[in-house]
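Colleague: I have a model open and would like some practice in reading it. Could we go through it feature by feature?

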Amino acid sequence: MRRLNRREKLVGVTWATGVFHSVEIGNAQEKKRGGSKNRDGRNGEIKQGVGGESEFKKRKSQSDVRPAKKSSIKLSSHKKLRNQVQEVDFVELTEELSTDYGSTYERLNDKVGVKTVLSYLYVCPTNKRKIMVLTDPEFESSVLISSDEGASYQKYRLNFFVLSLLFHHTQEDWALAYSHDQKLYSSFDFGRKWQLVHERVTPNRFYWSVTALDKELDLVHMEAHTPDGHCQYVTCRAQACSESSRTYPFSGYIETNSLVVQDEYVFVQVTTTGRASYYVSYQRESFVRIKIPKYSLPKDMHIVSTDQGQVFTAVQEWNQNDTYNLYISDARGVYFTLALENVRTSRGLGGSSMIDLYEVAGIEGMLIANRKVENQVKTYITYNKGRDWRLLQAPTTDLAGNPIHCVLPFCSLHLQLQMSENPYLSGSISTKSSAPGVIVATGNIGSELSYNNVAMFISSDAGNNWRQIFEEEHNVWFLDKGGALVAVKQPTVPTRHL
C-alpha cells in the first residue's frame, strides 16, 4: 500500500536563498541537498507510503523508494492535507523570509543565529501562524518554533534526528515525529517536549486518529516490527503507549509497508506462499478479504482514493507489464467491479512505474487517464468516478484562429499527465480545488498521445471544451481562485535568481 502526499504551496510565506535546488512538501522522507537524496540517504523520489514497485501518479495539486515487490497496495490521499513541510537547500547561508507573498524579505539569520543551518520548514495545518523549523542534523539536532508567523523563534534541542513530521488534523499543538532509528515520538506542545511512542516503526506507516471513527483523539495507528522481524498493525494512545495499552486490530502478521489508514477504511496486505491477499476494515470493523472478480489474479494493487464512500483502486493483472486496470468498490470496500482497462504506466524517478491517472482537483469523481488501446495511447475522462469514460473533444481552432478538423473518435485531444516534483513548478497538467473546472495541460491533437508537436490547452468548463493557449510548454500558476493565471515559459537552464 502507498499513500502519496498531497503537495501544497506555502501561501503567504516565502523563503529566499542564493539558489533553490529543490523544494518539496510532504511529511514523508523529503529530498536532501539538491533533491538527490532522502534524509536517510537513499536516492530517489519522495513519497509517503507503502512499498512496491509502482506508484499511483497523484498529479493533483501530492515518499520513498523501496525495493520492488511482486505485489503491494498503494493509497493516494486526495482529501486531507497531510503535507506540511517545505524544504529549502541553503547553498548560500543568507536565508530570508517573506510574509507578504514575496514583496519584501527579512533576513532570517538574525532571528535564528548566523551559524544555524536550517533544513526543513513545517507549517501547522490548523494554525498557519505556527511554524516549526528543523536544523540540519549534520550540524546539530534542534527545532526552532515560532507562534507569530516567523517574527520570532525559540530554539529547543532534540536527542534524536527527525526524518518526518505528521501534525494532528484538529489539534494544532499535537505532532508525531519519526526518527532516524525507526522510533516514533509524540509532542503535545508543538515540539517543545517529546516522548517515545513506539520503537521499530515502519517509515511513513503511522497515522493519527480519524474523527468520529476512533474514540480517542490521540490514538495512533502504526505498523511496527516485532523483535524477531515480523510486522504487526498496532494502535495505542500517543500519550500513554505502554505494552499493556496497545491493541492489535488485525490478528496475525502483515506485509511490511502495507498498512494504510484512510477515511473509513484500513487496508493491509498478507502474503502467503508468494501470493498476496488484501484485507479491508470498514469503519473499524473486523477485517474482510477484498474480493476482486475471480478472473483477476493481481500482482500489484494501488488504492487510488476513498472519496464518496467508495474505494477506487488500480490493479495490475498477472499478464500485464505496462498497464493497470481500474476497479471501483461497494461502500464497504470489499467487492470490486471493473471501471477501465489498460491504463498506461510510465517510468518515474528512481525507476518506479507511474500510473497515468490524474484526479482533477475541486470536482469529486472527475479523473483523467491515458489508456492503451490497440498499441495507441489515448486520453479519457470520467465525471462519475470511472463508471463512464469518453475521449476529449479537441479545440475547433488553433492559436492563430485557423480551423482544426478533428472528428471523434478518430481524432481527439490527448494530455500529458506528469506532475512536477517541485511544487513551484506546475508540471504538465494543473488544477486547483479553489478554481474548480479550470484545467491547464500540455498535450497534442491527433489519433494518439504524442510528445512531438505539443502545445498547451485550457478548459474552463471541467474538460468539456478546450482551447489552445501556447505553442510551447509553460509553467502555470493559479491566482485569485482561478480569476487570473500566470504563465512562465519553461527555461532551458535552471533559474538562479528570482
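Colleague: What does the secondary structure of the protein come to?

Modeller: Helices and strands here are DSSP runs, numbered from the N terminus: H or I with at least four residues for a helix, E with at least two for a strand. By that rule the protein has one helix and 40 strands. Please keep in mind that this is a predicted model, where local features need pLDDT of at least 70 and side-chain atom pairs count only at pLDDT 80 or more, while totals for chains, interfaces and linings use all residues. Residues are numbered from 1 along each chain as its sequence is written, and side-chain values use heavy atoms, with hydrogens and water left out.

Colleague: How many of the residues are buried, as a percentage?

Modeller: Buried means under 20% relative accessible area, exposed means over 50%, and partly exposed is in between, with a 1.4 Å probe and protein chains only. Of the 498 residues in the protein, 57% are buried. As for the surface, areas come from the Shrake-Rupley method with a 1.4 Å probe, and for residues only the protein chains shown count as cover. The protein exposes about 20,800 Å², and carbon and sulfur atoms supply 50% of that area.

Colleague: Let's take a sheet. In what order do the four strands of the open sheet run?

Modeller: Two strands pair if DSSP finds at least two bridges between them. In this open sheet the order is 14-15-16-17, with antiparallel pairing. Strand 14 (162-167) and strand 17 (195-198) each have a single partner strand, so they stand at the edges, and one side of each is left without a neighbour in the sheet. From one strand to the next the twist averages 30°; axes are lines fitted to C-alpha atoms, for helices over the stretch in contact, and angles run from 0 to 180 degrees between N-to-C directions.

Colleague: Over how many bridges do strand 14 and strand 15 pair?

Modeller: Strand 14 pairs with strand 15 (residues 175-179) over five bridges, in the antiparallel sense. To find your place there, look for Val 162, which stands opposite Ser 179 in strand 15.

Colleague: Now a single residue: is Thr 379 buried or exposed?

Modeller: Thr 379, which lies in strand 32 (residues 376-382), counts as buried because its relative accessibility is 0%. A polar contact is a pair of N or O atoms within 3.5 Å; within protein, one must be able to donate a hydrogen and the other to accept it, and residues adjacent in sequence count only if both atoms are side-chain atoms. Here the side chain of Thr 379 reaches the backbone nitrogen of Leu 415 at 2.9 Å. Contact in general means heavy atoms within 4.5 Å. Beyond its neighbours within four places in sequence, Thr 379 is in contact with residues including Ile 368, Arg 390, Leu 413 and Leu 415.

Colleague: And the cysteines: how many disulfides does the rule give?

Modeller: A disulfide is a covalent bond between the sulfur atoms of two cysteines. The rule asks for a pair of cysteine sulfur atoms within 2.5 Å, and the count comes to two. One joins Cys 236 to Cys 241, S to S 1.9 Å, and is left-handed with -95° about the S-S bond. Another joins Cys 406 to Cys 411, S to S 1.9 Å; its torsion is about -105°, so that disulfide is left-handed. Cys 236 and Cys 241 are buried, and both Cys 406 and Cys 411 are buried.
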